[in-house]
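Reader: I have a chain open on my screen and would like to go through it with you, one question at a time. Shall we begin?

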Amino acid sequence: MEEHVKSICDKDVVAGSDGPFSNDENWRYRRHLTLPEFGPEAQQKLKRGRVLLIGAGGLGAPVSIYLAAAGVGTIGLVDFDTVDLSNLQRQILYTTQDIGRPKVQAARDHLQALNPHVEVQVHETRLGRKNVASILEGYDVVVDGTDNIPTRYLLNDACVQLGLPQVHGSVFRFEGRVTVFGMPQGPCYRCLFPDPPPAELTPDCTEEGVLGVLPGLIGLMQANETIKLLTGIGRPLVGRLLMCDALSLTFRELQVARDPKCPVCGKA
Ligand SMILES: [Zn+2]
């Protein structure tokens with residue numbers, strides 16, 4: 001995967017186009033537009049990009065804030081929860097005044113106040129077998145910010161079926177992981193973990209806790225990968241699982257290959 005990956009949004013971009021940016025956008029995105037490796041062409045791809053965030057919690061909060069600030073044109077949010085006082089230690093989309101509000105609504109207000117050029121689509125529902133395909137339809141990239149294993153499998157299988165890249169992130173206590181699944185030649189979640197673990201062996205942040213800044217660290221790396229996928233710049237984290245230990249602040253990278261016998265993305 002050394003070569004640059006073709007942008008997911010190449011379909012619409014006219015080469016050399018400066019894009020129909022307003023004066024506000026030209027000034028707002030100035031630090032992108034002046035980056036030689038980025039420029040108006042990549043900014044235009046962000047503007048045309050459609051990203052769906054599964055979960056508006058610890059990971060979804062930093063991912064959505066940075067994607068909105070960066071100018072991703074359409075951001076979808078899936079969450080059925082309301083803001084709780086215990087969320088505020090890490091879910092930086094919300095304030096004390098938001099307690100009790102549906103997360104997707106509070107998140108939409110925050111993101112649109114940050115960048116009115118972004119369209120925020122809210123899906124105030126729990127992702128399930130019946131609605132997953134219709135919710136995912138039309139998006140270019142899916143960001144996994146879920147906190148439960150069954151949803152992760154459901155999401156993975158749907159993304160593989162629909163051919164959608166999925167930016168995976170997870171946090172637990174002081175450790176986090178990030179990688180990109182579902183790219184051509186790359187693995188999917190089931191290539192790593194073919195079957196869900198038994199429920200009693202599934203760790204839970206509610207009971208075990210998580211360091212508040214950790215979803216910020218991991219979420220920003222997910223936002224970084226999402227921007228790379230949309231614009232085609234850099235080398236995405238495909239076939240590489242990055243693991244972060246916040247206590248020692250050390251990073252390890254594990255090579256992960258596609259499993260030809262994978263029940264979801266394998267040849268059979
Ligand atoms: Zn697979």
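Reader: Which residues does Ser-170 touch, not counting residues up to four places away in sequence?

Author: This is a predicted model. In it, Ser-170 is found in strand β5, residues 166-172. Leaving out residues up to four places away in sequence, Ser-170 touches Gly-176 and Arg-177.

Reader: Is Ser-170 buried or exposed?

Author: A residue is buried if 20 or more other C-beta atoms lie within 10 Å of its own. Ser-170 has 20 other C-beta atoms within 10 Å, so Ser-170 is buried.

Reader: How many Å apart in space are Ser-170 and Ile-218, C-alpha to C-alpha?

Author: In sequence, Ser-170 and Ile-218 are 48 residues apart. In space, C-alpha to C-alpha, the distance between Ser-170 and Ile-218 is 7.5 Å.

Reader: In what order do the 8 strands form the sheet?

Author: The sheet is open and its pairing is mixed. Its edge strands are β3 (119-123) and β8 (250-255), each of which pairs on one side only. Neighbouring strands are turned by 15 degrees against each other on average, direction ignored. The order of the strands is β3-β2-β1-β4-β5-β6-β7-β8.

Reader: Which residue in β2 stands opposite Leu-52?

Author: Strand β1 (residues 50-54) and strand β2 (residues 74-78) run parallel and are joined by 5 bridges. The residue in β2 that stands opposite Leu-52 is Gly-76.

Reader: Which strands does helix α4 touch?

Author: Helix α4 covers residues 60-70 and packs on the sheet. The direction of α4 makes about 165 degrees with that of β2. The strands touched by α4 are β1, β2 and β4 (141-144).

Reader: How are α3 and α10 oriented to each other?

Author: Helix α3 (residues 39-48) packs with helix α10 (residues 214-231), their axes 8 Å apart. The angle is about 105 degrees. Angles of 65 to 115 degrees count as roughly perpendicular. The orientation of α3 and α10 is therefore roughly perpendicular.

Reader: Which residues in α10 meet α3?

Author: By class, the contact of α3 with α10 has 4 nonpolar, 1 polar and 1 charged residues. On the α3 side are Ala-42, Lys-45 and Leu-46. The residues they meet in α10 are Ile-227, Leu-230 and Thr-231.

Reader: Which element gives the largest share of the largest nonpolar core?

Author: In soluble globular proteins, nonpolar side chains tend to be buried together. The largest nonpolar core here has 58 residues, and Val-51, Leu-53, Val-72, Ile-75, Val-141 and Val-142 touch the most other members. Beyond its neighbours within four places in sequence, Val-51 has contacts including Leu-67, Val-72, Ile-75 and Thr-226. The largest share of the core is 7 residues, and it comes from α10.

Reader: Is Arg-173 buried or partly exposed?

Author: Arg-173 lies in the loop between β5 and β6 (175-181). Its phi is near 55 degrees, a positive value in a residue other than glycine. With 15 other C-beta atoms within 10 Å, Arg-173 is partly exposed.

Reader: What is the phi of Leu-249?

Author: Leu-249 is found in the loop between β7 (240-245) and β8. Leu-249 counts as exposed because it has 9 C-beta neighbours inside 10 Å. Its phi is positive, in a residue other than glycine, and the value is near 40 degrees.

Conventions
Residues numbered from 1 in each chain as written. Predicted model: local features only at pLDDT ≥ 70, side-chain atom pairs only at ≥ 80, totals over all residues. Axes fitted to C-alpha atoms, helices over the stretch in contact; angles between N-to-C directions. Helix = DSSP H or I, 4+ residues; strand = E, 2+ residues; numbered from the N terminus. Parallel < 35°, antiparallel > 145°, perpendicular 65-115°, else oblique. Contact = placed C-beta atoms within 7 Å. Nonpolar A, V, L, I, M, F, W, Y, C, P; charged D, E, K, R; others polar. Buried ≥ 20, exposed ≤ 12 C-beta atoms within 10 Å, placed from the backbone. Pairing = 2+ DSSP bridges. Core = buried A, V, L, I, M, F, W, Y, C linked by C-beta atoms within 7 Å.
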